[in-house]
Amino acid sequence: MSSLSQSLSLCQPRRRRENLRLLSQTHSVAIPSGMSNSVKNCSLARCSGVGVVRAATEVVVDDPVVREGGKEKGRVLRVGVICGGPSAERGISLNSARSVLDHIQGDDLLVSCYYIDCNLNAYAISPAQVYSNTPTDFDFKLESLAQGFRSLSDFAEHLAASVDIVFPVIHGRFGEDGGIQELLEKSNIPFVGTRSNECRQAFDKYDSSLELDRQGFVTVPNFLVQGSHSNESELSKWFAENHLDTNSGKVVVKPTRAGSSIGVTVAYGVADSLKKANEIVEEGIDDRVLVEIFLEGGSEFTAIVLDVGSGFDCHPVVLLPTEVEIQLHDNADMREKDAIFNYRRKYLPTQQVAYHTPPRFPMDVIGSIREGASLLFQRLGLHDFARIDGWFLPSSIHIPSASEKKLGSTKSGTVIFTDINLISGMEQTSFLFQQASKVGFSHSNILRSIIQRACLRFPNLASYTSLSSLLPRRSKSSQLIEAFPKTKDVRKVFVIFGGDTSERQVSLMSGTNVWLNLQAFNDLEVIPCLLAPTSGYSSKTDMDEKELDVRMKTIWTLPYSLVLRHTTEEVLAACIEAIEPDRAALTSELRNQVMNDLMEGLKKQSWFTGFDLADEPPVRYSVEQWVKLAKEVQATVFIAVHGGMGEDGTLQFLLEAGGVPYTGPGVETSKICMDKVATSLALNHLEKFGVLTINKKVLRKEDLLNAPVHDIWHDLTSKLQSETLCVKPARDGCSTGVARLCCLEDLAVYVKALEECFLRIPSNSLSKAHGVIEMPNPPPELLIFEPFIETDEIIISSNAVNDNANHLIWEGHSRWVEVTVGVVGKRRSMHSLTPSVTVKESGDILSLEEKFQGGTGINLTPPPLSIISKAALESCKQRIELIANTLQLEGFSRIDAFVNVDSGEVLIIEVNTVPGMTPSTVLIHQALAEEPPMYPHRFFRTLLDLGSERFI
């Protein structure tokens, strides 16, 4: 075991160490006949209190009784979490599985993980796979890391013997259409959620619309297109009946059975509608397509329904609904494909959408939503929990199907339910957790309550009680200094995120992830803090002016529920709203109403020990006040602010001056690494050691806008001796404003984006195919141009229809590949984690989604031996450590580089001193590749301790 691993092993959460001690024995198990022979005669292993299958050699079968000192301590509920599936939402399913795994484990509950691939093959997987892989590289590693079952029936046989209850987190097909439920029902396996027949009806948007109409609800007029042969005359008649122009009438076209986000688009007129319906069919998304009228002027909402009844007595309670507000910021957003709440808007933090919980609707409308969704839940026979989406239309908008006698009609307008989600998304900031936290449920509490409610429907699980009694202690995140008692046993941690840079949304994801993971430790009091966004990060260069400007910025300490937002702007708006008296009073009234409704059912349950989140306001500080507070309560600051003052040494300087310990590199190192030119200059002398730098040319934005584009292009290509260039902001983060320029016209497009302050450059706007390029806002004052480094394309694809395995295709002509590497440790003794080979899914530059959005992007960790040998990889790691120690990095950082697969030589791209720490970041992948694996909670604790220790 390495010294780093030894130090890391001491950082496990207290309750997880106890799990390991209690569950360290090896058990003899009966292997179900469905599992392949290689699994037989294997021993049981557990990791961090979770039953796992590791490296295809261990089977998940847990003893349901935990014993201590020879006496029975309590029954352990064995939960099987099943993720994946054939839907395009399977990446979101992996994120949901991570979140469930993070928040339900405990001494009384053990989790086994399973995966269903696109071809409905089932696998037993380790928790490490759930954390470390996006869908494509996840599938790529299934053969070597997972244990496959010969058939779904064999899989069901294994589940029947190995788990007490299944928690399906498959979104879309096979997860919400009754597929997995029918499989479990046939084997009499208890599971969370609605039964198969009811799932089938609710999941199909057309069938559920018909049922809603029969039940007396207002519905959206729609037309069903079946197969590729559609009846144009019938659709034209439908357009006319609904007063839509047959040539330009605006409608929504969506699959009937593909979840809430996949394939949904806007069409204009009959011909365009049929064209887009046929595209959905041809792409294999669905052979039944729904055409609906576009609800112009309406507001979209979504509501979580929680059943708090007993046994088969249904008692659904609707939590505080969320209003979905589409925000159009620039001309690019006006295109038809961006006119709806699509997949990108739902799952990538962006300013294109904002959420309001509770919604900004009249009280009678909110009441109608809650009453209608509860009634709908009951009448459709749903179980445990669900998410129901719909629209509110003001009374000024007429709906043909609406009448005063229909359910959903109110004095203020009409409520229409459109989509029923049987397995709501469970990402960290999903609607489930947003709405649950508003009424007193933490992540753990709501998930355990759902599981416990499901157990009550199965008599054989009645003995599993008090699952919610071992909830982690919550942070008193927003209370003033008097509420922070100085105790020896509990350390204060301020996790700061946000800021003004174009990476502030990723910063929110990073900070949220760090905050949630550190809460697993009982000796920490973790307070989330928002560095409030303003009109833009200061471009002042005079240090005195800049320091004065920074000190005037605002930091908010946040209560639990306000962290769970999708953008920093949304968090800030929620903070301001929370202290606005009228709005705060309304929210409090609605919160109390929902909590009272919940308690009517929960007070009858012996397992429910209460709500674990208080109704707290956020507190606002100046930066100077906040630093003083951190000093007074002896807090360590975990910095998760990407770019700007979080990464250029400014925040580090303020904390050092205030005597406050913090994570990551110090002031001078941060300054150097933020400036890509200064980084290259600091490493120039390492060429003889195999560390190379890229020639750069820095131009002012003003010069780019004023000089002829032709002259600039000629000058750049001549001086850099390259016909293809890479452009990037000189002092911004690693994910925005980076583009490949192949010709003069490409430069012209980029310059126009700077001039017009575009928030993004649409995909394929440049001559070489690429994804959406997020642009810095405001535009950077300095830009770097450098030769574009050609690397050999790495492709991951499956060979044939009957071949489930994914294969790596790499020609290897240039012998250079792009890697990203995390470094961890103390100054001058940094340790390189295992590098990840970067595989781009679209274009030549990694998009923001590919770097940080769960479910997209491919990173192979460790790099396959077919690409780079062990010797070259080891040489690469040594050079990465040389770079880290030369720059005097400490704590943790991420280094992006090109590596020669033969020699291990490194061509440095950039160094990120506050790297992304989202659930899908490569740092997590690389930590899990260590021996022993470092799970996220332990990894972040290690980074925190490294920050604290250097100031002792």
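Which exposed residues does the face of α27 turned away from its buried side carry?

**Figure 1. The two sides of helix α27 in the predicted model.** The exposed residues His710, His714 and Lys719 are carried on the face of α27 that is turned away from its buried side. Buried in this helix are Ile712, Trp713, Leu716, Thr717 and Leu720. Seen down the helix axis, these buried residues fall within an arc of 120°, so they line one face of α27. An α-helix has 3.6 residues a turn, so residues three or four places apart point the same way.

**Figure 2. Length and surroundings of helix α27 (residues 709-720).** The twelve residues of α27 should span 16 Å at 1.5 Å a residue, and the end C-alpha atoms agree with this because they are 16 Å apart. The cover over the buried residues of the helix includes the strands β26 (697-700), β27 (725-729), β28 (739-741) and β31 (782-787), together with the helices α26 (701-706) and α28 (744-755). Just after α27, Gln721 takes a positive phi of about 55°.

**Figure 3. The surroundings of His171, in the loop between β9 (165-168) and α8 (179-186).** With a relative accessibility of 2%, His171 counts as buried, because the cut-off for this class is under 20%. Its side chain forms a polar contact of 2.9 Å with the side chain of Ser96. A polar atom of the His171 side chain also lies 3.0 Å from the backbone oxygen of Ile423. Leaving aside neighbours within four places in sequence, the residues in contact with His171 include Ser87, Glu89, Ile92, Ser93, Glu176, Ser424, Gly425 and Met426.

**Figure 4. Leu518 and the largest nonpolar core.** This core has 149 residues, and those with the most contacts inside it are Phe167, Leu518, Trp626 and Phe638. Not counting residues up to four places away in sequence, Leu518 touches Val493, Val495, Leu524, Val526, Phe638, Phe940, Arg941 and Leu944. Apart from this core lies another, of 31 residues, among them Val837, Ile883, Val899 and Ile908.

**Figure 5. Two cis peptide bonds, each leading into a proline.** The bond from Thr861 to Pro862 is cis, with omega near -5°. Pro862 lies in the loop between β37 (858-860) and α30 (870-886). Glu931 and Pro932 are likewise joined by a cis peptide bond, with omega of about -5°. The loop that holds Pro932 runs between α31 (922-928) and α32 (936-949).

**Figure 6. Positive phi at Leu120 and Cys757.** Most residues other than glycine have a negative phi, and most peptide bonds are trans. Leu120, which is not a glycine, has a positive phi of about 65°. Leu120 lies in the loop between β6 (109-116) and β7 (122-125), and at 31% relative accessibility counts as partly exposed. Phi of Cys757 is near 55°. Cys757 is found in the loop between α28 and β29 (760-761), and at 44% relative accessibility counts as partly exposed.

**Figure 7. Confidence along the chain and two stretches of low pLDDT.** The chain averages a pLDDT of 83, and 80% of the residues score at least 70. Over residues 799-804 the pLDDT stays under 50, and the model has six contacts for this stretch beyond four places in sequence. Residues 845-856 also have a pLDDT below 50, with 48 contacts in the model beyond near neighbours in sequence. Where pLDDT is low, the predicted coordinates should not be read in detail.

Notes: Residues are numbered from 1 along each chain as its sequence is written. Side-chain values use heavy atoms; hydrogens and water are left out. A nonpolar core is a set of buried Ala, Val, Leu, Ile, Met, Phe, Trp, Tyr and Cys residues joined through side-chain atoms within 4.5 Å. Buried means under 20% relative accessible area, exposed over 50%, partly exposed in between (1.4 Å probe, protein chains only). Contact means heavy atoms within 4.5 Å. pLDDT is the predictor's confidence in each residue, from 0 to 100. Helices (H or I, at least four residues) and strands (E, at least two) are DSSP runs, numbered from the N terminus. The expected span of a helix is 1.5 Å times one less than its number of residues. The arc is that of the directions from the helix axis to the C-beta atoms. A polar contact is a pair of N or O atoms within 3.5 Å; within protein, one must be able to donate a hydrogen and the other to accept it, and residues adjacent in sequence count only if both atoms are side-chain atoms.
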